[in-house]
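Visitor: I am new to this structure and would love a close look at its pockets. Could you take me through them slowly, one after another?

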Amino acid sequence: MTEAVRLGLVLGDQLSFDLASLRALDPARDVLLMAEVEGEARYVPHHPQKIVLIFSAMRHFAEALREQGWRVQYVHLDAPDNSGSIAGELRRWREVFGADEVHLTECGEWRLQQALRESGLPLVWHADRRFLCSRQAFGRWAAGQSQLRMEHFYRGMRKRSGLLVEPDGSPAGGAWNYDSANRKALPRGLRGPFPAHFERDAITQEVIALVRERFRDHYGSVEAFDYPVTHDQAQALWQHFLDFGLAAFGDFQDAMAEGEPFLFHARISAALNIGLLDVRQLCADVDAAYRQGRVPLNAAEGFIRQLIGWREYVHGIYWLRMPEYAQLNAFGNQRALPEFYWTGQTGMRCMSQVIGQTLELGYAHHIQRLMVTGNFALLAGIVPSAICEWYLAVYLDAFDWVELPNTLGMVMHADGGYLGSKPYCASGRYIQRMSDHCGACRYRVERAVEEDACPFNALYWHFLMRHRQPLADNPRLSMIYRGLDAMDSARRDALWQRGESLLARLDAGDAL
Ligand code: FAD
Ligand code: DLZ
Ligand code: SF4
C-alpha cells in the first residue's frame, strides 16, 4: 500500500535547502507548497522592493527545489483561486492532495505562527535550526540570569561556538569585545567599496511588473531593486563583502556619510533572514579571514558580535517574551508617527538623508536606524507600535522577530530596560561627530534653543527632563543628570520651552 502524501509548507523567509521540514519529508512521496498571498504582502505596507525580493526569491527557490526532484505546488499572487492567506492555501491544497499531515518549520513571526496554530490543520512542527541558539536553549539561559545582558549571552556563544577563541579557551587578542575600536568617523575623502550589483533576470522582471501594478499604494520605490534573489547571488554578495568591506568594517561600523548608504557594511541581512545565507558559514568565513591575517581583529570580532551576539540575542528575547512584549510602552508615549517618516520631507538633513535612502533602497545601516530615525522617535516620544510598524514596513530585512526587539527594546526602551541597560538617546552632537550631515543642514548643530537650533539638542534634554524618573536612577546616566542639574536654571527652562515648542509643532503636523 502506498503511503499517504504529506504537504510541506515553505514560507517566503524559509528558503534554505536544509530547512528542518524539508529534511523530514520525502521528495518521492510528498508535495511542497509555496504561496504568494495578499495577507503576507499587506499586513504592514511593505516596501515594494521587499515584496519583489520575497516573491522573486521564492520563485527561484521553487525552481531549484524542482531541479532537486521535489514536487512543488507554487501559487502565484494572481492565481484565480488564491485564498489570500497561508492558512487558506494550506487548507485548499491539503484537500486537493488528500494530505493527512502538514509539515512546517517554526515561523519567524508570532503573528503567523499563532494564526496557523489556530487553523485547525493537522500540523507537524519542526524546530528552526537556522539559529545557533534555539528558542528553548535561550529560554534555559535566560532562566539562569538575574538580568539579561547581551554581553553575557555573547560570551557564552563565543565559548560554545569556539569562534575567535584560542585553544586554551581565551578570547582571540585577549578581550571578548572590541566595541570601543568600532567608532571611528569616516576620514574626509574615504568612500565605501563600489557595491555589488545583481542583474534582473526574467523572473525578477516579471515580479517587479506585478508589484508595480499591485502595490502602488505602498511607500518606497521599486526602481533601484538590486538584491540577491538566489543562493549563488547571495554568496557573491557575501564574497564581495569579504574581499572589499570586512577589513574596514570594524573601524567604521558607526560612521555615516552623505551619498554612502552602505559604507563598509555587508548588506546581507535580507538574504540571511530569508534563508539564502547560513549564519554558521558566515561566522566560519570571518573567523578564517582573521586567522589568515586578512582582516584585523576589531573587524572580525565586531562582525561576529552582530551575528552570534545581537542577532541571536534579539531572536531569543522575541520568542521568550511574545506576545506581550509587543504591547510594552514603558514611557507611556502617545505621539503619532510624523508623516515625514513616510516621505523623507523634513528640514533635518540627517533624517531626510536616512529616510530618503530607506525609501529608495529599503536599506539603512545600524547606526542610521539606531541613532538617527530611532533616536528621533525616542526623543519625540512616538508610540512604540507606530514606529515598530514603520521599521517593519520599510526595510527589506525586516521581520518581527528581529525588528521588534531592536525597535521597541533597543531604540525605544519601551521594555523598561529588559533588552538593554540604557536608552541610546543622543543630541545632535553625536550625529555631527559620526557623520557629515550637519554641514548641509538648515539647522545649526552647535545651537540648542534658538529658532535655527538643531531639534535633536533640545529634544534630547526635554526627553531626559520628561523621564527623570526612572532614568535618573540608572547608573549609566548619572553623569548626564549631574550635568543637567549643574546647568543654569534659565538654560534648563529655555531647553524645556524649545522642546515643548518642537513637540507642539510635530503634533500640528509640522515636518520641522
Ligand atoms: P552589517 O552592519 O554588515 O552587520 C552584519 C549582520 O549582523 C547583519 O546583516 C545582521 O544580520 C546582523 N546584525 C547587526 N546588528 C544587528 C542587530 N541589532 N540585530 C540583529 N542582527 C543584527 N536587522 C534585521 O535584520 N532586520 C530588521 O528588521 C532590523 N531592524 C532594526 C531596527 C532598528 C531600530 C535597529 C536599530 C536595528 C535593526 N536591525 C535589523 C539591525 C541592523 O540594523 C541590520 O541588521 C543591519 O543594518 C543590516 O545591514 P547589513 O547587513 O549591512 O549589516
Ligand atoms: C514578507 C512576506 C511577503 C511579503 N509575502 C509572503 C508570501 O506571499 N508568502 C509567504 O510564504 N511569505 C511571505 N512573506 C514572508 C512571511 O511574512 C514570513 O514567512 C512570516 O512573516 C514569518 O512568520
Ligand atoms: Fe541632524 Fe541636527 Fe545635524 Fe541637522 S544639525 S543634520 S538635524 S543632527
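Guide: Happily! Let us begin with the largest pocket of this predicted model, which holds about 990 Å³ of space. Its lining is made up of 33 residues, and those closest to the centre are Asp179, Arg183, Leu370, Tyr424 and Arg476. If you would like to find the pocket by its helices, look for α7 (150-161), α13 (297-321), α16 (366-380) and α19 (428-434), each of which gives at least two residues to the lining. In chemical character, the lining of the largest pocket has 15 nonpolar residues, eight polar ones and ten charged ones. Two domains take part here: domain 2 (135-193 + 245-319) and domain 3 (340-507) each contribute at least three residues to this lining.

Now move on to the second largest pocket, with about 400 Å³ of space. Here 25 residues form the lining, and Ser16, Asp18, Arg130, Leu277 and Asp278 are the closest to the centre. The elements that supply two or more residues to this lining are α9 (231-244), α11 (269-273), α12 (279-291) and α13. Among these, α12 gives the most, namely three residues. The lining of the second largest pocket splits into seven nonpolar, eight polar and ten charged residues. Where does this pocket sit with respect to domain 1 (6-126) and domain 2 (135-193 + 245-319)? Both domains give residues to its lining, so the second largest pocket lies between them.

You met α19 at the largest pocket, and this helix also belongs to the surroundings of ligand 3, where α15 (349-361) and α19 each provide at least two residues of the shell. Around ligand 3 you will find Met348, Arg349, Cys350, Gly428, Ile431, His437, Cys438, Cys441, Tyr443, Val445, Cys454 and Phe456. Nine residues of this shell are nonpolar, two are polar and one is charged.

Before you go, here is a single residue to pick out. Ser119 sits in the loop between α5 (110-117) and β5 (123-126). Is Ser119 buried or exposed? Its relative accessibility is 12%, and buried means under 20%, so Ser119 counts as buried. Apart from neighbours within four places in sequence, Ser119 is in contact with Ala87 and Arg91.

Notes: Residues are numbered from 1 along each chain as its sequence is written. Chains are lettered from A and ligands numbered from 1 in the order in which they are written. This is a predicted model: local features need pLDDT of at least 70, side-chain atom pairs count only at pLDDT 80 or more; totals for chains, interfaces and linings use all residues. Side-chain values use heavy atoms; hydrogens and water are left out. On a 1 Å grid over the protein atoms alone, a cavity is a set of points where a 1.4 Å probe fits but cannot get out, and a pocket is an open set with protein on both sides within 12 Å along at least five of seven lines; lining residues have an atom within 4 Å of a point. Grid points are joined across faces, edges and corners, and a volume is the space filled by probe spheres set on the points. Helices (H or I, at least four residues) and strands (E, at least two) are DSSP runs, numbered from the N terminus. Ala, Val, Leu, Ile, Met, Phe, Trp, Tyr, Cys and Pro count as nonpolar, Asp, Glu, Lys and Arg as charged, and the others, Gly among them, as polar. Domain bounds come from an automatic or database domain assignment. A residue is near a molecule or strand if one of its heavy atoms lies within 4 Å of it. Buried means under 20% relative accessible area, exposed over 50%, partly exposed in between (1.4 Å probe, protein chains only). Contact means heavy atoms within 4.5 Å.
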